[in-house]
Amino acid sequence: MTINPLALDRRTRTMMVILGCLILFSAIFLGAWLYGEQGQVTNLALRKLPPGWNQPFGTDWLGRDMFARTIKGLRISLEIGLAAATCSAIIALLLGLAAATMGRIVDVSVTWLCDVGMATPHLVLLILISFACGGGAKGVIIAVAASHWPALTRVIRAEVMQLRTSDYIKLSHRLGKSPAWIARHHFLPHVVPQFLVGLLLLFPHAILHAAGLTFLGFGMSPHTPEIGTLLAESMRYLTTGMWWLAVAPGLALVLSAMTFDVLGNNVRALLDPKTLRE
Amino acid sequence: MNVRHFLIGVALPLLLVVTSCDRQQKVSADTPKTLTLILGEENTEGFDPTLGWGSYGNPLFQSTLLKRDADLKIVPDLATDWTLDDRQLAWTVKIRTGVVFSDGSPLTARDVVYTFNTAAKAGGVVDLSNLQQAEAIDDSTVILRLKLPDITFIQHLITLGIVPEKLHGPGYGRKPIGSGPYRLVRWDEGQQMIVEANDRYYGSKPSIKRLVFLFSTEDAAIAAAMAGKVDVLGVSSNLAGQKIPGMTLHVVKSVDNRGLMFPMVPDTGRKTPRGLAIGNNVTSDIAIRKAVNYAINRQALVNGVLDGHGRPAFGAVDDLPWDNPEIRFKDNDPEKAKAILEEAGWHDTDGDGIREKGGKKAEFEILYNTKDSLRQGLALAVSDMLRPIGIKAVPRGENWDRIKDELTHSFVVVYGFGGHSPLEMYKLYHSNGPEPMYWNAGFYVNPVVDKYLDQALLAPSFDEAIPLWKKAQWDGKTGLSTPGDASWAWLVNLDHTYFINQCLDVGRSQMEPHGHGWPITANIDQWHWICK
Amino acid sequence: MITRFLVVKTCRLILLIAAVATLSFVLVNSSPVNPVDAYVGAAMLRISPDQREVIAKRWGLDRPPVERFGRWAGQMATGNLGVSTIFNEPVLSVIGKRFVTSFWLMALAWSLSGALGFGLGLIAGAREDTLLDRGIRLYAYTMASTPTFWVGMILLMIFSVSLGWTPVCCAWPPGLSAEQATQWQRLHHLLLPALTLSLVGIAQITLHTREKTIQALRSDYAIFARAQGESTVGIVFRRALRNVALPAVTLQFASLGELFGGAVLAEQVFAYPGLGRTTVEAGIRGDIPLLLGIVLFSTIFVFTGNFMADFIYHLVDPRLRKATGAIS
């Protein structure tokens with residue numbers, strides 16, 4: 001048994017971690033907003049500088065400050081990831097519920113759809129959908145949203161199917177409640193924790209996949225590039241020794257993804273009564 | 001399977017491999033037999049001239065009827081004589097005898113005819129739609145019949161490599177037998193191409209017998225050059241500032257230009273048949289266009305965005321034989337720009353630094369292809385230069401497809417052109433461009449200019465067309481250039497930068513067209529080693 | 001029965017391919033990317049509308065979509081996947097050539113990540129809650145949040161650019177032809193890309209193996225063995241291994257899809273001329289026949305992986321064997 005110096009129980013610790021994560025994300029959004037146009041301003045006199053006092057992450061080949069660009073890029077990556085993951089999760093929720101409650105045909109169709117969705121390697125599917133949407137940030141969001149729902153759908157479906165066999169549901173049915181009512185009042189509340197955790201854990205995947213897509217050149221965002229684009233641009237300068245163009249944005253991405261992971265796992269711990277009061 | 005097994009079975013051998021791997025010998029300096037080049041993108045489609053291989057100038061494996069020398073003058077290659085008939089509808093070309101393909105079979109007029117007729121139907125990136133028919137009169141005379149008179153058709157005689165009729169088919173691109181100075185020995189797709197001198201070549205035999213072309217990303221190429229494994233390396237200008245041991249920087253002027261295209265008509269709600277918006281209310285005012293031209297400091301653009309590797313551009317065809325030197329003007333003159341705007345009625349009445357006229361602000365967006373950092377740099381820098389004169393130009397990166405398919409007729413766009421044929425000028429400025437109009441996207445119309453351009457196409461010879469091309473730019477009273485209608489703000493001409501092994505002499509390079517890399521091989525049969 | 005198993009799987013594969021093919025074709029057709037524009041590219045200024053029509057005819061783009069799908073599906077059934085617009089070669093031949101190159105990369109990465117991941121998972125599970133375990137877990141969690149291509153870039157910067165130990169690109173030293181390149185040289189060029197894929201790919205298998213190892217060590221037979229004086233290491237190697245190995249192997253097979261995706265990214269970073277890079281090119285340059293061909297090919301690839309995982313489970317797990325009847 002580990003001794004906890006602050007004598008906080010697990011629940012409190014978890015909440016503090018969650019709070020910490022949320023503060024970090026707010027800081028990113030705030031920082032991006034505060035920086036305003038700075039990531040765009042070129043300064044041809046200050047090109048290609050390594051990290052130093054005035055430029056913590058260095059400058060790029062047009063003299064733009066890499067710190068500003070990284071923060072802004074991170075914000076865009078987060079936005080894209082959040083938008084895509086949320087869409088995906090909602091799709092998964094609806095499909096999972098439908099599969100478990102609307103009869104055998106719907107169930108088989110949804111399961112079949114999941115299989116098809118998972119039949120191709122993830123990145124190939126992303127490339128295909130991105131191509132179909134003609135690229136751009138919109139294409140990336142659609143591609144990521146359209147490819148991440150199968151796994152969560154299965155989880156929700158399994159959860160609800162299990163629920164259906166429990167006594168109180170059967171009772172409800174006997175008492176004459178319609179399937180829609182049962183879905184809304186019994187299944188939904190029960191499934192929400194799973195949904196929330198699933199959503200949070202989808203974020204890092206969505207963010208990383210979006211970065212991968214833009215790195216490959218599919219989602220060149222017109223206005224401000226996100227991390228994948230920053231990294232793709234920095235590839236051209238790797239051998240000339242401008243290492244700061246790649247290390248900083250990448251690290252920022254990794255840390256963000258990890259933070260979401262931590263957030264998701266802690267929320268799961270919080271919502272799961274079994275591990276709550278350890 | 002435990003850690004011990006892992007170490008012995010996997011990690012140790014790997015370690016041995018890494019430390020004992022053989023480093024490649026520095027081939028170039030010691031044994032100058034093979035020339036290694038990294039020039040640019042791989043021609044994934046293969047080396048079939050009927051599909052467009054070599055259309056930038058010289059197909060390497062095949063030979064062409066005519067070619068251009070270092071001064072871009074047209075000189076004979078396979079052809080010994082070429083005449084255009086009175087109605088400008090038929091070229092009669094006599095070809096030299098005794099030419100054989102690299103497999104020994106003779107090259108006759110039938111092969112020329114086959115090549116032209118096939119290229120017209122092949123659906124590749126070479127456009128011979130004006131060719132009616134090619135016919136062989138005898139073994140060494142060909143008649144090329146055109147549908148419409150067009151002096152620029154001569155460009156195809158300069159760039160279309162001749163393929164052997166008997167050996168040509170769908171797989172020809174991967175086994176291109178031709179009569180050029182070199183022949184393809186081996187192609188490892190995605191990696192490299194091995195090429196050797198063609199012993200049966202009819203021209204001056206190349207001094208360098210073996211070439212290896214490598215295809216790789218830019219920084220892998222530079223790393224290879226640093227390691228002494230490359231003799232000729234094409235780099236983009238922003239990477240030309242470094243030092244590579246054993247190599248010198250070879251700078252080649254080009255007509256590869258970049259400029260701002262202005263929508264020339266006001267926005268009246270009109271749309272193209274495909275639904276694209278036409279016109280811009282700010283740039284349709286000639287005062288704005290001229291002011292932009294005069295305010296920009298082109299030399300600063302060259303220094304800042306191109307790292308000094310370029311020269312200012314004042315027109316679309318700078319320094320080509322059909323360039324009109326009278327269109328030059330003194331730029332970097334913000335005072336003159338302001339005067340022009342003031343006189344035309346653009347005043348800053350509300351003190352926000354942006355001029356207004358008739359209720360509209362002197363504001364527009366400059367679009368550039370997001371994938372192109374050079375155009376991005378130009379857009380950003382130009383925007384900074386226009387601020388002080390009261391014009392707000394906002395740079396905006398857009399997906400190339402969107403620019404082409406939605407925005408090109410109503411926004412200012414950074415475009416780049418530059419080729420060896422004046423046909424480009426015709427396409428950029430003539431008013432009869434059909435849909436889709438990528439070329440004269442600004443809807444520029446000037447009947448006087450149109451007349452000169454039409455007359456140029458109808459000229460009886462290439463040289464006689466030249467004064468007409470010049471008049472279209474400026475004839476003393478009107479023209480498409482800045483002294484005239486200022487339909488574009490041309491910004492810079494790129495220099496194409498190459499690193500060359502200091503023991504290699506590449507002769508005098510032609511002024512290169514748009515698209516850097518392969519054009520430097522135009523005179524590759526004259527290259528030779530100079531060290532011993 | 002094994003034949004029933006195979007027949008069922010084959011039917012599923014055919015249905016899957018049909019569904020994926022139809023869906024992909026619909027997707028690809030709704031793309032705003034104009035294939036003629038994509039093909040013409042930089043030569044835009046020299047190509048007149050007449051020529052564009054000739055090009056469209058060459059690629060069959062002047063026909064209505066339904067007819068195109070019918071032709072494509074019909075050809076596919078006979079094994080002809082059309083001609084790539086980028087390479088001017090049959091799609092099957094393009095895929096074949098490049099898959100051979102990628103195969104070695106993927107095989108090496110797969111083996112490395114499997115071996116490494118399994119080993120680390122065992123260690124972490126056997127030494128639960130120690131510093132070593134925490135370290136391994138931290139590594140795995142970090143790797144799960146790290147983009148593959150970034151790891152590749154970092155490795156490239158450190159080992160190829162700074163230290164010069166490994167080459168910067170390509171499948172063998174530039175300048176040599178395929179036959180001249182020795183096995184050692186090819187391996188040398190494979191190193192960093194394979195390492196990139198392995199370092200990132202071990203995350204899942206490490207964590208999974210760790211879980212299973214912990215479970216195994218808490219099981220009845222482990223407790224029994226410990227009561228008899230057996231050490232943890234001994235238990236792991238003599239009793240738990242078989243139980244832990246099976247899920248690990250099946251997981252590895254099921255991760256072939258992720259491997260393919262990782263290969264796409266790694267090949268891009270290292271300019272490795274394999275199928276991954278070709279996929280990106282096909283997508284960016286709008287080569288529809290090739291893109292569709294690759295989608296189908298990769299579907300079969302993933303299916304094979306899952307099939308192998310299933311098959312091995314059926315073969316090896318005695319409980320399943322009993323349930324489904326004798327499979328020898």
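**Figure 1. The largest nonpolar core of this predicted model has 317 residues.** Among the members with the most contacts inside this core are Leu231(A), Ala225(B), Ala291(B), Met153(C) and Leu291(C). Chain C feeds the core from both of its domains, with at least three residues each from domain 1 (2-77) and domain 2 (95-318). As background, nonpolar side chains in soluble globular proteins tend to be buried together.

**Figure 2. Zooming in on Leu231(A) and what it touches.** Leaving aside residues up to four places away in sequence, Leu231(A) touches Phe215(A), Ala246(A), Pro249(A) and Gly250(A) in chain A. Over in chain C, Leu231(A) also touches Phe149(C), Trp150(C) and Met153(C). Two names here should ring a bell from the core view: Leu231(A) and Met153(C) are both listed among the residues with the most contacts inside that core.

**Figure 3. Chain A meets chain C through 34 residues of chain A and 41 residues of chain C.** On the chain A side, the elements giving two or more residues are helix H3 (104-117), helix H4 (122-132), helix H8 (179-216), helix H9 (227-235) and helix H10 (244-271). Which helix gives the largest share of that side? That would be H4(A), with eight residues. Sorted by class, the chain A side comes out as 25 nonpolar, seven polar and two charged residues.

**Figure 4. Helix H5 of chain A (residues 136-147) and its wrapping.** This helix has 12 residues and reaches 17 Å from its first C-alpha to its last, close to the 16 Å expected at 1.5 Å a residue. H5(A) is mostly covered, with 10 of its 12 residues buried. The buried set is Gly136(A), Ala137(A), Gly139(A), Val140(A), Ile141(A), Ala143(A), Val144(A), Ala145(A), Ala146(A) and Ser147(A). What covers these buried residues includes helix H2 (66-101), H3, H4 and H8 of chain A. Two of those, H3 and H8, also appear in the list of elements that give residues to the chain A side of the contact with chain C, and H4(A) gives the largest share of that side. For the wider setting, chain A has 11 helices and zero strands, and buried residues make up 49% of its 278 residues. Of the contacts in chain A with a separation of 6 or more, 70% come from residues 24 or more positions apart.

**Figure 5. The two domains of chain C and where they touch.** The domain assignment gives domain 1 (2-77) and domain 2 (95-318), and 32 Å separate their centres, taken over C-alpha atoms. At the contact, 13 residues of domain 1 meet 11 residues of domain 2. On the domain 1 side, helix H1 (2-29) and helix H2 (35-40) of chain C are the elements that give two or more residues. The largest share, 10 residues, comes from H1(C). That side divides into 11 nonpolar residues, one polar and one charged. Zooming out, chain C comes to 14 helices and zero strands, and its C-alpha trace spans about 85 × 55 × 35 Å along the principal axes. Of the 328 residues in chain C, 46% count as buried. Among contacts in chain C between residues at least 6 apart in sequence, 74% join residues at least 24 apart.

**Figure 6. Two alanines with positive phi, Ala486(B) and Ala271(C).** Most residues other than glycine have a negative phi. Ala486(B) has a phi near 50° and lies in the loop between helix H13 (462-473) and strand E19 (488-501) of chain B. Is Ala486(B) buried or exposed? It counts as buried because it has 23 C-beta neighbours inside 10 Å, and the cut-off for that is 20 or more. Ala271(C) has a phi of about 50° and is found in the loop between helix H11 (256-270) and helix H12 (275-284) of chain C. Ala271(C) is buried too, with 22 other C-beta atoms within 10 Å.

**Figure 7. A stretch of chain B to read with care: residues 16-31.** Here pLDDT stays under 50, and the model has 20 contacts beyond four places in sequence for this stretch. Confidence in chain B is lowest in helix H2 (residues 27-30), at a mean of 40, and highest in strand E7 (residues 141-146), at 95. Chain B as a whole averages a pLDDT of 86, and 92% of the residues score at least 70.

Note on methods
Residues numbered from 1 in each chain as written. Chains lettered and ligands numbered in written order. Predicted model: local features only at pLDDT ≥ 70, side-chain atom pairs only at ≥ 80, totals over all residues. Contact = placed C-beta atoms within 7 Å. Helix = DSSP H or I, 4+ residues; strand = E, 2+ residues; numbered from the N terminus. Nonpolar A, V, L, I, M, F, W, Y, C, P; charged D, E, K, R; others polar. Core = buried A, V, L, I, M, F, W, Y, C linked by C-beta atoms within 7 Å. Domains from an automatic or database assignment. Expected span 1.5 Å × (residues − 1). pLDDT = per-residue confidence, 0-100.
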